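I opened the notebook to record what I looked up in this structure. The entries follow the order in which I checked things.

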Amino acid sequence: MADEIAYLAQADRHIAGAKERVVKQRQLIARLAATGHNVRAEESFLSALVDLLSAFEHHRLLILNRLRP
């Protein structure tokens with residue numbers, strides 16, 4: 001059980017970091033688009049970040065399910 005709690009804390013850190021990266025990437029896209037730049041590559045990277053965040057959130061749910069009696 002202690003391992004799962006440690007894994008949960010790590011998952012929470014990963015989720016927080018991924019959310020921060022998503023916000024920063026969206027801000028970058030907005031700045032670039034506002035100045036007329038093509039943002040296709042940046043949007044593709046954002047999509048990958050969102051997918052990663054989703055995977056982290058799913059992993060967190062798996063950990064929570066293991067903690068339930």
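Which residues is Gln25 in contact with, leaving aside its neighbours within four places in sequence? I looked this up in what is a predicted model. The list I got is Glu42, Phe45, Leu46 and Leu49. Gln25 itself sits in helix α1. Its relative accessibility is 9%, and the cut-off for buried is under 20%, so I entered Gln25 as buried.

**Entry: overall form**

I counted the secondary structure next and found two helices and zero strands in the protein chain. The radius of gyration is 16 Å, well over the 11 Å that the globule rule gives for 69 residues, so I noted the chain as more spread out than a compact globule. I then took the box along the principal axes, and the C-alpha atoms fill roughly 55 × 15 × 10 Å.

For burial, I noted that 20% of the 69 residues count as buried. The accessible surface comes to about 5,200 Å², and carbon and sulfur atoms hold 58% of that.

I also looked at how far apart in sequence the contacting residues are. Among contacts with a separation of 6 or more, 71% are between residues 24 or more positions apart.

**Entry: charges**

I tallied 10 positive and 8 negative side chains in the protein chain. The centres of the two sets lie 3 Å apart. Side chains of opposite charge can pair when their charged atoms come close. I therefore searched the whole structure for salt bridges, and the search gave three.

**Entry: Arg66 and Glu4**

I wrote down the salt bridge between Arg66 and Glu4, whose closest N and O atoms are 3.3 Å apart. Arg66 lies in helix α2 (residues 40-67) and Glu4 in helix α1 (residues 2-34), so the pair ties together parts that are 62 residues apart in sequence.

Is each partner buried or exposed? Arg66 counts as exposed at 62% relative accessibility. Glu4 counts as buried at 14%.

**Entry: Asp12 and Arg60**

I found Asp12 in a salt bridge with Arg60, with 2.4 Å between the closest N and O atoms. This pair also links distant parts of the chain, with Asp12 in helix α1 and Arg60 in helix α2, 48 residues apart. I recorded Asp12 as partly exposed, with a relative accessible area of 33%. Arg60 counts as partly exposed as well, at 25% relative accessibility.

While at Arg60, I checked its distance to Gln10. The two are 50 residues apart in sequence and 9.1 Å apart in space, C-alpha to C-alpha. Gln10 has its place in helix α1, and I noted it as partly exposed with a relative accessible area of 35%.

**Entry: Glu20 and Lys24**

Where do the partners of this salt bridge lie, Glu20 and Lys24? I placed both in helix α1, four residues apart, about one turn of the helix. Their side chains meet at 3.2 Å, N to O. Glu20 is partly exposed, and its relative accessible area is 46%.

**Entry: C-alpha distances**

I took some further C-alpha distances and kept the accessibility of one residue in each pair beside them.

- Ala55 and Ile15 are 40 residues apart along the chain, and I got 9.2 Å between their C-alpha atoms. Ala55 lies in helix α2 and is partly exposed, with a relative accessible area of 42%.
- Leu61 and Asp3 are 58 residues apart along the chain, and their C-alpha atoms are separated by 15 Å. I placed Leu61 in helix α2, and it is partly exposed with a relative accessible area of 49%.
- Ala6 and Glu42 are 36 residues apart in sequence, and I got 33 Å in space, C-alpha to C-alpha. Ala6 lies in helix α1 and counts as partly exposed at 44% relative accessibility.

Glu42 had come up already, as one of the residues in contact with Gln25.

Definitions and conventions. Residues numbered from 1 in each chain as written. Predicted model: local features only at pLDDT ≥ 70, side-chain atom pairs only at ≥ 80, totals over all residues. Heavy atoms only, no water. Rg over C-alpha atoms; globule rule 2.2 N^0.38 Å. Buried < 20%, exposed > 50% of the residue type's maximum accessible area, 1.4 Å probe, protein only. Contact = heavy atoms within 4.5 Å. Areas by Shrake-Rupley, 256 points an atom, 1.4 Å probe, with all protein chains shown as cover. Lys, Arg positive; Asp, Glu negative; His and termini not counted. Charge placed at Lys NZ, Arg CZ, Asp CG, Glu CD. Salt bridge = Lys/Arg side-chain N within 4 Å of Asp/Glu carboxyl O.
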